[in-house]
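Me: I've got a new model open and I'd like to talk through how it's put together. Mind if I fire some questions at you?

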Amino acid sequence: MSDTRPDLGIGMVGYAFMGAAHSQAWRTAPAFFDLPAVPRLRAVCGRNEDAAGDVARRFGWESVETDWHALLTRDDIDVIDICTPGNTHAEIAIAALEAGKHVLCEKPLANTVEEAEAMAAAATAAAKRGVRAMVGFTYRRTPAVAFARQLVASGRLGTIRHVRGQYLQDWLSDENAPLSWRLDKSLAGSGALGDIGAHIIDMAQFVTGDSIASVSGLLETFVETRPLGGQHATLGGHASQDAERGPVTVDDAAAFTARFVGGAIGVFEATRFATGRKNALRLEINGTAGSLAFNFEDMNVLEFFDATEDPSIAGFRRILVTEATHPYVAAWWPPGHGLGYEHGFTHQVVDLVTDIAKGADPAPSFADGLAVQRVLAAVEASAADGTTHTTGATS
Ligand code: SOE
């Protein structure tokens with residue numbers, strides 16, 4: 001039977017780790033979810049034609065472009081999906097929105113607050129013309145995280161007192177892991193802070209429904225030079241200690257305390273030096289009526305403590321967030337069969353396509369991305385001068 005749903009043409013810029021994650025999401029979403037439009041993988045764009053061509057073959061992209069401007073002139077492309085380093089986000093996203101293309105942009109939204117402000121303004125102007133923009137804080141779409149937000153919103157935690165966020169990785173703990181774009185401030189904007197700290201900031205604000213008002217922070221670069229070349233892995237890798245070295249211009253680790261507008265206090269940590277921790281994105285929230293704890297390394301589980309229960313039987317319960325009644329799960333497997341890292345990207349595509357069809361503004365919006373950028377900038381400013389910095393958030 002022929003599919004009567006309209007096509008939605010996708011043009012993706014970038015093809016590496018995030019490009020692969022996004023490619024599988026665009027392919028998989030219409031097979032599992034009843035989408036209002038069918039994503040068509042029209043073109044993947046990269047300066048290295050051979051590498052982009054390889055991704056096109058593996059994932060089924062119909063064509064390859066080597067200059068992203070070409071995507072904006074194509075009538076068969078409706079959405080520009082930006083999977084490139086942060087220094088290119090603002091230019092591509094603003095040009096795409098002005099050309100009438102919807103935009104999905106990887107996180108963090110930009111490398112500076114000024115760029116993020118320009119992007120948020122462009123998104124507001126575009127929305128008036130029915131053109132939508134979303135920033136890719138994918139972990140929001142882990143069912144356990146979306147369910148945590150529902151529990152907080154329904155009042156099960158009462159008034160939030162404490163927020164504890166950590167994003168712990170260890171792929172730089174080898175001091176001979178080679179220099180890569182994530183360690184170059186001119187390309188990445190910042191280090192652990194923006195790359196993974198941005199995720200815990202967004203997740204904490206998303207789950208609590210509150211905003212960070214002020215921060216006091218520390219940044220540290222433990223290994224100041226790294227080998228050029230060597231064997232690169234997607235993250236990390238290894239090179240000879242005799243290789244020529246170049247400077248690391250970003251933080252290896254970030255830590256900060258925070259005050260939320262609603263009165264909660266927070267403690268946050270982001271590092272690539274937590275040996276043994278691979279992708280431990282953890283969030284713990286304590287409220288007057290209960291607590292929640294999440295760890296991405298056990299991503300199908302949400303721990304919940306109900307402080308209103310009889311203390312003699314109360315305790316943290318381990319909820320397997322794999323029931324059809326949990327967010328996103330009904331489209332997938334039977335209870336207990338579980339989801340993985342890639343599913344968040346599929347859910348992101350599902351929500352974006354649905355909002356585009358409905359004419360609704362997707363979340364997280366570019367304004368949400370800007371709010372995270374302001375927290376990142378406040379942490380950097382605080383680390384530089386040793387004082388507390390406000391973010392400007394009031395609600
Ligand atoms: C690298 O630290 C990284 O790939 C991040 O850039 C991603 O956003 C996160 O999903 C996993 O770690």
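**Walking through the fold**

Reply: Sure, let's start with one stretch: over residues 9-137 the chain is 44% helix and 22% strand, and the end C-alpha atoms are 22 Å apart. Keep in mind that this is a predicted model. As for a label, the unreviewed UniProt entry places the feature "domain: Gfo/Idh/MocA-like oxidoreductase N-terminal" at residues 9-137.

Me: How far apart are the centres of domain 1 and domain 2?

Reply: The protein splits into domain 1 (7-139) and domain 2 (142-340 + 363-390). Taking the centres over C-alpha atoms, the separation between domain 1 and domain 2 is 24 Å.

Me: Which helix gives the most to the side of domain 1 that touches domain 2?

Reply: The contact takes 23 residues from domain 1 and 29 residues from domain 2. On the domain 1 side, α1 (17-32), α5 (113-127) and β6 (133-136) each supply at least two residues. That side divides into 17 nonpolar, 4 polar and 2 charged residues. The top contributor, with 6 residues, is α5.

Me: Which residues of the largest nonpolar core touch the most other members?

Reply: The largest nonpolar core has 107 residues. It draws at least three residues from each of domain 1 and domain 2. There's also a second, separate core of 5 residues, including L179 and V250. Back in the largest core, the residues that touch the most other members are A93, L97 and M119.

Me: And what is A93 in contact with, leaving aside its neighbours within four places in sequence?

Reply: A93 is one of the residues that touch the most other members of the largest core, and M119 is another. M119 turns up again among the contacts of A93 itself. With neighbours within four places left aside, the full set is I82, V103, C105, M119 and A122.

Me: How many of the residues around the ligand are charged?

Reply: The ligand is surrounded by F17, Q169, D195, I196, L235 and N279. That shell divides into 3 nonpolar and 2 polar residues, and Asp falls in the charged class. The charged count is 1.

Me: What do the buried residues of α6 pack against?

Reply: Helix α6 covers residues 143-153, and its buried residues include P143, F147 and V152. Just after the helix comes G155, whose phi is positive, near 90°. The packing partners of the buried residues of α6 are α8 (192-208), β16 (290-295) and β17 (301-306).

Me: Is A371 buried or exposed?

Reply: A371 sits in helix α10 (residues 366-385). A residue is buried if 20 or more other C-beta atoms lie within 10 Å of its own. A371 has 22 other C-beta atoms within 10 Å, so A371 is buried.

Me: What does A371 touch, not counting residues up to four places away in sequence?

Reply: N48 is well out of the running: A371 and N48 are 323 residues apart in sequence and 34 Å apart in space, C-alpha to C-alpha. Contact here needs C-beta atoms within 7 Å. The residues that A371 touches are S211 and A393.

Me: Then where is S211, and how many C-beta neighbours does S211 have inside 10 Å?

Reply: S211 is in the loop between α8 and β8 (212-220). Its contacts beyond four places in sequence include F260, V261, A371 and A393. Along the chain S211 and A264 are 53 residues apart, with 9.8 Å between their C-alpha atoms. S211 counts as buried because its C-beta neighbours inside 10 Å number 21.

Me: Any backbone oddities to check? What is omega for the cis bond that joins A363 and P364?

Reply: One cis peptide bond runs from K107 to P108, with omega near -15°; P108 is in the loop between β5 (102-106) and α5. P364 is also in a loop, between α9 (343-358) and α10. For the cis bond that joins A363 and P364, omega is about -5°.

Me: And what is phi of Y328?

Reply: Y328 lies in the loop between β18 (317-320) and α9. With 21 other C-beta atoms within 10 Å, Y328 is buried. Its phi is a positive value in a residue other than glycine, near 70°.

Methods:
Residues are numbered from 1 along each chain as its sequence is written. This is a predicted model: local features need pLDDT of at least 70, side-chain atom pairs count only at pLDDT 80 or more; totals for chains, interfaces and linings use all residues. UniProt positions are given in the numbering used here, feature names are shortened, and annotations may be inferred rather than shown by experiment. Helices (H or I, at least four residues) and strands (E, at least two) are DSSP runs, numbered from the N terminus. A nonpolar core is a set of buried Ala, Val, Leu, Ile, Met, Phe, Trp, Tyr and Cys residues joined through C-beta atoms within 7 Å. A residue is buried if 20 or more other C-beta atoms lie within 10 Å of its own, exposed if 12 or fewer, and partly exposed in between; C-beta atoms are placed from the backbone. Domain bounds come from an automatic or database domain assignment. Two residues are in contact if their C-beta atoms, placed from the backbone, lie within 7 Å. A residue is near a molecule or strand if its C-beta atom, placed from the backbone, lies within 6 Å of it.
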